[in-house]
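Work through the exercises below with the sequence and the coordinates at hand. Each task is followed by a solution in steps.

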Amino acid sequence: MGTAGTSDAGETERADAILESIADAVLSSDNAGNVTYLNSAAEAMTGWTRGEAEGHPVGEVLQIVDGATREPLPRHPLWLAMELRKPVALPAHTVLVRRDGFEVVIEDSAAPIRDRDGHVIGAVIVLHDVSEVRADAIRMSHLACHDFLTDLPNSVLLRDRINQAIASARRYDKGVAVLFIDLDGFKSVNDLLGHAVGDELLRSVSLRLKGALRASDTVSRNGGDEFVVLLSEIGHAEDAARGADKIIAALAAPHEVLGRKLHLTASVGVAVYPIHGASAEALLESADAAMYQAKGGGGDGYRLFTQAVPDARSAA
């Protein structure tokens, strides 16, 4: 009998050593839903020590909420595992609220604990902190759709938003305008003052453009010194013209860049849905062509697209 007791104690110590050595958090409960064990990783993740947590309801020690709604899960995973008598996976976007209020994005599963006769006597949950992985995924998704220098939407995201605006305009009988903006003489800034000054000037331009527009509009960097603005839900072409005037005026004010005061003008081409195109590509092409006409006319102004505009490219 003594030998069996010693063997059981050894097995328990070995199991504890294994659980303490893994990076994932492990927490178990009895069949009444009270905590019976936490490993060191679970202590760090929950903010509870094993001594403090033992005997407390699992819902108190392991506060789990839906990351989207911030509401507690309908049924705690440990209880669900015991009720279903089988392992259950945590829902996507599950968040653990630590004892001090800090939130951790988690994933993994809970499973029932059975005795030698197969009776459920509790449950165990294994949690993995995926906060950094989720944050990296969000960052990568953001970078895929935004310009690295200005953090403005890039051409991929812009086209998607233009198409969405067109679909909305069709439903509500509204207009959409696309403004293609090219900074006059920007190349000389890079050539004479260096790319560091040029980059800061582009950031200044992006802030000016955002400040001149509505929250519902989109400012995008098309690359180099070219920007594109989407004006959603306009009533008439005149609204687009007023938007172009605002942009030109906003950019004309001196830019304070790395201790220098720089003056800037812009050439703006304007295309309006449905007059000048019925798709994102068509509107962008029309606005681009109109911008070349504005630049060919000396810059520092805007032009509304006309069929004669494409010929202006050769003159620019």
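**Exercise 1. Helix α7**

Which residues are buried in α7? Find them in this predicted model, then check the length of the helix, its ends and its packing partners.

Solution.
- Step 1. The buried residues of α7 are L157, L158, I162, A165, I166, S168 and A169.
- Step 2. An α-helix has 3.6 residues a turn, so residues three or four places apart point the same way. Compare the list from step 1 with this rule.
- Step 3. Helix α7 covers residues 155-172, which is 18 residues. At 1.5 Å a residue the expected span is 26 Å, and the end C-alpha atoms lie 25 Å apart, so the two values agree.
- Step 4. At the N-terminal end the cap is N154, with a side-chain oxygen 3.1 Å from the backbone nitrogen of V156.
- Step 5. Just after α7 comes D173, which has a positive phi of about 55°.
- Step 6. Helices α6 (131-145) and α11 (280-296) pack against the buried residues of α7. So do the strands β8 (175-183), β9 (218-223), β10 (226-234) and β13 (266-273).

**Exercise 2. A residue of β9 and its contacts**

Take T218: is this residue buried or exposed? Then list its contacts.

Solution.
- Step 1. T218 belongs to strand β9.
- Step 2. Its relative accessible area is 5%; the limit for buried is under 20%, and T218 is therefore buried.
- Step 3. With neighbours within four places in sequence left aside, T218 is in contact with P153, L158, R161, V228, V229 and L230. One of these, L158, is among the buried residues of α7.
- Step 4. Between the side chains of T218 and R161 there is a polar contact of 3.3 Å.

**Exercise 3. Nonpolar cores**

How many residues does the largest nonpolar core have, and which have the most contacts inside it?

Solution.
- Step 1. The largest nonpolar core has 31 residues, and L179, I181 and L183 have the most contacts inside it.
- Step 2. At least two residues of this core come from each of β8, α8 (186-193), α9 (195-211), β10, α10 (237-252) and β13.
- Step 3. Another core, of 27 residues, lies apart from it; A81, M82, V88 and V104 are among its members.
- Step 4. Return to L179 and leave out residues up to four places away in sequence: L179 touches F227, V228, V229, L231, A240, G243, A244, I247, V268, G269 and V270.
- Step 5. For background, nonpolar side chains tend to be buried together in soluble globular proteins.

**Exercise 4. Two buried sites**

Where is A271 found, and where is G299 found? Give the accessibility and the contacts of each.

Solution.
- Step 1. A271 is in strand β13. This residue is buried, because its relative accessible area is 0%.
- Step 2. Beyond four places in sequence, A271 touches V176, A177, V178, H276, L283, S286 and A287.
- Step 3. From A271 to E285 the C-alpha distance is 8.7 Å, at 14 residues apart in sequence.
- Step 4. G299 is in the loop between α11 and β14 (301-304). At 17% relative accessibility this glycine counts as buried.
- Step 5. Not counting residues up to four places away, G299 touches D184, A266, S267 and A294.
- Step 6. G299 and G185 are 114 residues apart in sequence, with 9.5 Å between their C-alpha atoms.

**Exercise 5. Backbone exceptions**

Most residues other than glycine have a negative phi, and most peptide bonds are trans. What is the phi of R85, what is the phi of D151, and which residues does a cis peptide bond join?

Solution.
- Step 1. R85, not a glycine, has a positive phi of about 60°. R85 lies in the loop between α5 (77-84) and β4 (88-89) and is partly exposed, at 43% relative accessible area.
- Step 2. D151 has a positive phi near 65°. D151 is located in the loop between α6 and α7 and is partly exposed, at 44%.
- Step 3. The cis peptide bond joins Y273 and P274, with omega about 5°. P274 is in the loop between β13 and α11.

**Exercise 6. Rings and charges**

How many aromatic pairs does the structure hold, and where does the charged end of R99 sit?

Solution.
- Step 1. The number of aromatic pairs is zero.
- Step 2. The charged end of R99 sits over the ring of W48, 3.9 Å from the ring centre.
- Step 3. R99 and E60 are 39 residues apart along the chain, and their C-alpha atoms are separated by 9.0 Å.
- Step 4. E60 is in helix α4 (residues 58-61) and, at 36% relative accessibility, counts as partly exposed.

How values were computed: Residues are numbered from 1 along each chain as its sequence is written. This is a predicted model: local features need pLDDT of at least 70, side-chain atom pairs count only at pLDDT 80 or more; totals for chains, interfaces and linings use all residues. Side-chain values use heavy atoms; hydrogens and water are left out. Helices (H or I, at least four residues) and strands (E, at least two) are DSSP runs, numbered from the N terminus. The expected span of a helix is 1.5 Å times one less than its number of residues. Buried means under 20% relative accessible area, exposed over 50%, partly exposed in between (1.4 Å probe, protein chains only). Contact means heavy atoms within 4.5 Å. A polar contact is a pair of N or O atoms within 3.5 Å; within protein, one must be able to donate a hydrogen and the other to accept it, and residues adjacent in sequence count only if both atoms are side-chain atoms. A nonpolar core is a set of buried Ala, Val, Leu, Ile, Met, Phe, Trp, Tyr and Cys residues joined through side-chain atoms within 4.5 Å. Rings of Phe, Tyr and Trp (its six-membered ring) pair if their centres lie within 6.5 Å; planes under 30 degrees apart count as stacked, over 60 as edge-to-face and the rest as tilted. A charge sits over a ring if NZ of Lys or CZ of Arg is within 6 Å of the ring centre and within 35 degrees of the ring normal.
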